[in-house]
Amino acid sequence: MCVTAINIGLPTLGGLDKVPATDLKQTAKDFTSDQEVRWCPGCGDYAVLAAVRGFLPELGIRRENMVFVSGIGCSSRFPYYLDTYGMHSIHGRAPTIATGLAITRPDLSVWVVTGDGDALSIGGNHLIHTLRRNVNLKILLFNNRIYGLTKGQYSPTSETGKVTKSTPTGSVDHPLNPISLALGAEATFVARALDSDRAQLTSVLRAAAAHRGTALVEIFQDCPIFNDGAFDLIRRGSADAAQRLIPLTHGSPIRFGSGGEFAVVRKAFGLGVARTSDVAESEIVIHNETDHTLAFALSRLSTQDLEHVVTGVVRRVDRTCYDDAVRDETDTARTHHKGDLQSLLSGRDTWTVADPADVQGRRK
């Protein structure tokens, strides 16, 4: 199957919930293309690819009804390695291309694969508007805090003081927080996972796929060549990873640590961390995915030094999808104007520009 072009011959069936399913049992192998995977040894992208290949068969959607659109960067080679339809597009514009596809082809499951440089630098404007519009697509944002493909420049998520080829004396930029950015854009689904935590990553992917609307999943991903060990402090095996990672479960008190010895509590106008033994049970925050204020406060609890990192689904709410609204509006326009496009475009605010010769004649 071609992985660099989009099939446009499939029938339109309506909403994504009506994507043609298959009774044929599919496996990860069915979603594996014949292309050689060309990432550096040890790259976190391998773990994400394995998780996605293993998860896609669960959706019960035929491969020809899935499309992966990517921009530019190491992560953007992703479509080549999946035996689905896909497009390796242009820098930062994957959400835009995917938006057009989602509007015109509601019978497809549309995914975007992007990186922290691709999505948050040149593509920042496109990402923000896709999120606020709530287009029915899923965005996997690989965040390794570096430009890997172009050989190690600092990115919008690199921490202040980061020494790279483009900042030899340290970056003076203040980094973006992708979760806070998405919430500020009113994204209806926002989550974070680690490339090395297969169980949680798969769980988050399931939730994103089930969500109708734009689902943004930030994935912390290691670049062993240009930013090796960026997330070692929160990886399994680290001495104090359990004290740093704050996994979220909707409806449950937010406790963490190897034995739940820490908890998230309210402090002044935000959130803080306390020892569970030092606070009353009623003081521990209960996670609510529908609470926008809580979601944003949780996003600010995550710090660049990785002292605390929130993972799991941060926000999940229902809102009208942009592509559904566009199709409804188009259908209404066709009904009211009976296919007369010119009358719709002309509307009521029209005027006639006089012939120049007539104007000149009246002046005389």
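## Buried or exposed: the cut-off

A residue counts as buried when its relative accessible area is under 20%, as exposed when that area is over 50%, and as partly exposed in between. By that rule Arg-145, at 4% relative accessibility, is buried. Keep in mind that what you're looking at is a predicted model.

## Arg-145, Glu-159 and Lys-162

So what does Arg-145 do with its side chain down there? Arg-145 meets the side chain of Glu-159 in a salt bridge, at 3.8 Å from N to O. Both residues sit in the loop between β4 (138–143) and α5 (178–184), so the pair ties together parts that are 14 residues apart in sequence.

Glu-159 has a second partner too: its side chain meets that of Lys-162 in a salt bridge, this one at 3.6 Å from N to O. As for burial, Glu-159 counts as partly exposed because its relative accessibility is 24%, which falls between the 20% and 50% limits. Lys-162 has a relative accessible area of 14%, so this lysine is buried.

## Salt bridges around helix α9

The structure holds 16 salt bridges. Another one of them pairs the side chains of Asp-323 and Arg-327, at 3.6 Å from N to O. Here both partners belong to helix α9 (residues 322–337), and they are four residues apart, about one turn of the helix. Asp-323 and Arg-327 are both buried.

The pair isn't on its own, either. Salt bridges with shared partners link Asp-323 and Arg-327 with Arg-212 and Asp-324 in one network. As a general point, side chains of opposite charge can pair when their charged atoms come close.

## The largest pocket

On to the empty space. The largest pocket has a volume of about 440 Å³. It is lined by 27 residues, and those closest to its centre are Gly-73, Cys-74, Ser-75, Gly-148 and Leu-149.

Which helix gives the largest share of the lining? That would be helix α3 (residues 116–122), with three residues. Sorted by class, the lining comes out as twelve nonpolar, nine polar and six charged residues.

## A leucine patch on the surface

Finally, a look at the outside. Leu-341, Leu-344 and Leu-345 make a nonpolar surface patch of about 310 Å². Leu-345 is found in helix α10 (residues 341–346). With 62% relative accessibility, Leu-345 counts as exposed, because the cut-off for that label is over 50%.

Definitions and conventions
Residues numbered from 1 in each chain as written. Predicted model: local features only at pLDDT ≥ 70, side-chain atom pairs only at ≥ 80, totals over all residues. Heavy atoms only, no water. 1 Å grid on protein atoms, 1.4 Å probe; cavity = no way out; pocket = protein on both sides within 12 Å on 5 of 7 lines; lining within 4 Å. Points joined across faces, edges and corners; volume = space filled by probe spheres on them. Helix = DSSP H or I, 4+ residues; strand = E, 2+ residues; numbered from the N terminus. Nonpolar A, V, L, I, M, F, W, Y, C, P; charged D, E, K, R; others polar. Patch = residues over 30% accessible without salt bridge, like charges linked within 9 Å, V, L, I, M, F, W, Y side chains within 5 Å. Areas by Shrake-Rupley, 256 points an atom, 1.4 Å probe, with all protein chains shown as cover. Salt bridge = Lys/Arg side-chain N within 4 Å of Asp/Glu carboxyl O. Buried < 20%, exposed > 50% of the residue type's maximum accessible area, 1.4 Å probe, protein only.
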